[in-house]
There are 2 protein chains.
Amino acid sequence: MRTYGQYCAVAKALDVVGDRWTLLIIRELLLRGACRYTDLRDGLPGIATNLLADRLRDLEEAALAAREEAPPPIATTLFRLTERGAQLAPVLKALGAWGAPLMEKAQRDEEFRGHWLALPVATYLRDHTPDRPPVSIQVNVADEAVVVETADGTVRARPGTAPDPDATLTGAPPVVIGLFVGRLSLAQARARGLRVEGGVGALRRLGIS
Amino acid sequence: MRTYGQYCAVAKALDVVGDRWTLLIIRELLLRGACRYTDLRDGLPGIATNLLADRLRDLEEAALAAREEAPPPIATTLFRLTERGAQLAPVLKALGAWGAPLMEKAQRDEEFRGHWLALPVATYLRDHTPDRPPVSIQVNVADEAVVVETADGTVRARPGTAPDPDATLTGAPPVVIGLFVGRLSLAQARARGLRVEGGVGALRRLGIS
DNA sequence: CCGGATCCGGGTTGATACTG
DNA sequence: CAGTATCAACCCGGATCCGG
C-alpha cells in the first residue's frame, strides 16, 4: 500500500480512500446497498474490471467493505459496506456539495445513472411537512426509473417504479438535477423540457417550486 | 486532465481534487494561508518537487489557487487559495474526522508538522466560555512551536510563540493529538510524557481535562 | 451470465540532479 | 528560492481470456 507517511488524519484517510475509483466505489455501495460485482461495474462506467477487483480487495482488507455469499436461490457474491465504510457518507456529501456547481455545464459524452440522483436528493431535499402522509414521485431520467419518496422527515431516492406516484417527472439529467439542487425553478425546468404529470403539491412539499 | 466522465457531483469533484497530493496541498494552504513554494514543500514531506509544481499549476488552472508576486521588500512568489478553493474546508474536515481513529497507532518513520495540529484543534475544540477574556496555550511539539488561542467562540492554532501563554504543553505528537481529540484525558497524557506548565484552567475552558 | 485473472501499452509518479 | 530535466518504477485502462 502506498502511503503518504504523514502523521495527519487527512493524510491517513487518503492513504485508505485516496486511490483512484475508491471513493466512487463507496458511493455505489452507499447508494445501492449490497451489490453484485456486475452491478458495481455497471454503476461505475469507465472502470477497468481489474481495477474494480483490486479496489474491492483493498476495501476488504481495510475493513470498509465485506463480501458475502448469498444463499443458494441467488447463489452470487454480494459486496456491502461495513459500518466503518458507511461512515464515509459525510465525506461524499461534502464532496458532492462542493462539486454541485460543476454540474452546470451540460455534459457531453458523460455517463449518467439514475440512482446517482439519490445523492443530491438526500443532500438538498427535505420533507417540510413530515406529519402528512408520505408522498412518492416517480422520476424517469436516462432510461432509468427512480422513485423519490419521503420517509420520516428525510427524502430518499431508490431505483424502481412507484405503483401510484403523486407526481411523475421526465427530463434530461441536467434539468432534473438542476431542479433538485435548486438551481432551476420548476418553470425554468419546464422551459428546458421537463415534463410534469400529477400535482405539484408533492413537489412543493420537498421545497421544489 | 484525466476525468471519470461521469455526470455526478462526486465524480466531478474528484476530477478536480482527486489526484494524489492535491487535497494535501489544499490542506497546507488552508492551514497556513499564503505560502511560498518552499514552505509548501516543507509542509508536504514526501512530495516530489516536480509534482508540487504540476499540482500548483493544475490548481491555478482550476481557479482553486492563485499565485501572487509579493512586493519588493519580500520579492517572492506566494500561493494562496481562492474562495472556491477555501470552500473545500468541509471536505478536509470530514476526511480528518473520518481519519482520526487511524491516528491511534503510534507512528513510526512518519513525518509530523506542528501546524497540522490546527486541523484537530478546529474540529474538536470549542471555547466554552467565550465571554471571558481570550486565552492562549503554547504547544511545543516536534520541535515546532504552535499557539492555540480562543477567538470569538472558536479555537485556532497557528505556528509561532505566545508572549505570555496561560499554559504551555510539551509532548510527543500522538500524545498532544490524543489530548486534543479527546482520546486521552489530561492525566493519561501526563502519564505518557506530556509536560504541563501554567494553570489547567485554560485547558478546561477548551474542554480538556 | 458471473466474477474475476492476465497481459500489455501508455501515462503518472517519485527520486535525484541540476539551474536561473 | 522556485522551479526543470531526466529517468526508472509503478499504476491505470483496455482487451482478452477463463473457470464456474
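## The largest pocket

In this predicted model, the largest pocket has a volume of about 590 Å³. Its lining is made up of 27 residues, and those that lie nearest the centre of the pocket are Leu14(B), Asp15(B), Val16(B), Gly18(B) and Asp19(B). Both protein chains take part in the lining, since two or more residues are given by helix 1 (9-17) of chain A and, in chain B, by helix 1 (9-17) and helix 4 (49-61).

Helix 4 of chain B provides the largest share of this lining, with 4 residues. By class, the lining of the largest pocket holds 11 nonpolar, 3 polar and 13 charged residues.

## Relation between the two protein chains

Chain A can be superposed on chain B by a rotation of 180° with 0.0 Å of shift along the axis, and the RMSD of this superposition is 0.1 Å. The two copies are therefore related as by a two-fold rotation axis. Within chain A, the C-alpha nearest that axis belongs to Val91(A), at 3.0 Å from it. The same surface serves both copies, in that 100% of the contact residues of chain A recur in chain B.

## The surface near DNA strand C

DNA strand C has 20 residues around it, of which Thr76(A), Arg20(B), Trp21(B), Leu51(B) and Arg55(B) come nearest. Of the atoms of DNA strand C that come within 4 Å of the protein, 70% are accounted for by sugar and phosphate. At least two residues of the surface near this strand are supplied by each of helix 3 (37-43), helix 4 (49-61) and strand 2 (77-81) of chain A, and likewise by helix 4 of chain B. The surface near DNA strand C has 6 nonpolar, 8 polar and 6 charged residues.

Phosphate oxygens of DNA strand C are approached by backbone as well as side-chain atoms. A polar side-chain atom of Arg55(B), one of the residues that come nearest to the strand, lies 2.5 Å from a phosphate oxygen. On the backbone side, an N or O atom of Thr77(A) lies 3.2 Å from a phosphate oxygen of the strand, while a polar backbone atom of Gly46(B) is 3.4 Å from a phosphate oxygen of DNA strand C.

## The surface near DNA strand D

DNA strand D is surrounded by 21 residues, and the closest of them are Arg20(A), Trp21(A), Leu51(A), Arg55(A) and Thr76(B). Sugar and phosphate make up 71% of the atoms of DNA strand D that come within 4 Å of the protein. Helix 4 of chain A, together with helix 3 (37-43), helix 4 and strand 2 (77-81) of chain B, each supply at least two residues of this surface, which divides by class into 6 nonpolar, 8 polar and 7 charged residues.

Side chains from both protein chains form polar contacts with DNA strand D. From chain A, a polar side-chain atom of Trp21(A) lies 2.8 Å from a phosphate oxygen of the strand. From chain B, an N or O atom in the side chain of Arg57(B) is 3.0 Å from a phosphate oxygen of DNA strand D, whereas a polar side-chain atom of Arg2(B) lies 3.3 Å from a sugar or linking oxygen of this strand.

Notes: Residues numbered from 1 in each chain as written. Chains lettered and ligands numbered in written order. Predicted model: local features only at pLDDT ≥ 70, side-chain atom pairs only at ≥ 80, totals over all residues. Heavy atoms only, no water. 1 Å grid on protein atoms, 1.4 Å probe; cavity = no way out; pocket = protein on both sides within 12 Å on 5 of 7 lines; lining within 4 Å. Points joined across faces, edges and corners; volume = space filled by probe spheres on them. Nonpolar A, V, L, I, M, F, W, Y, C, P; charged D, E, K, R; others polar. Near = heavy atom within 4 Å. Polar contact = N/O pair within 3.5 Å; in protein donor to acceptor, adjacent residues only side chain to side chain. Least-squares fit on C-alpha atoms with pLDDT ≥ 70 in both. Contact = heavy atoms within 4.5 Å.
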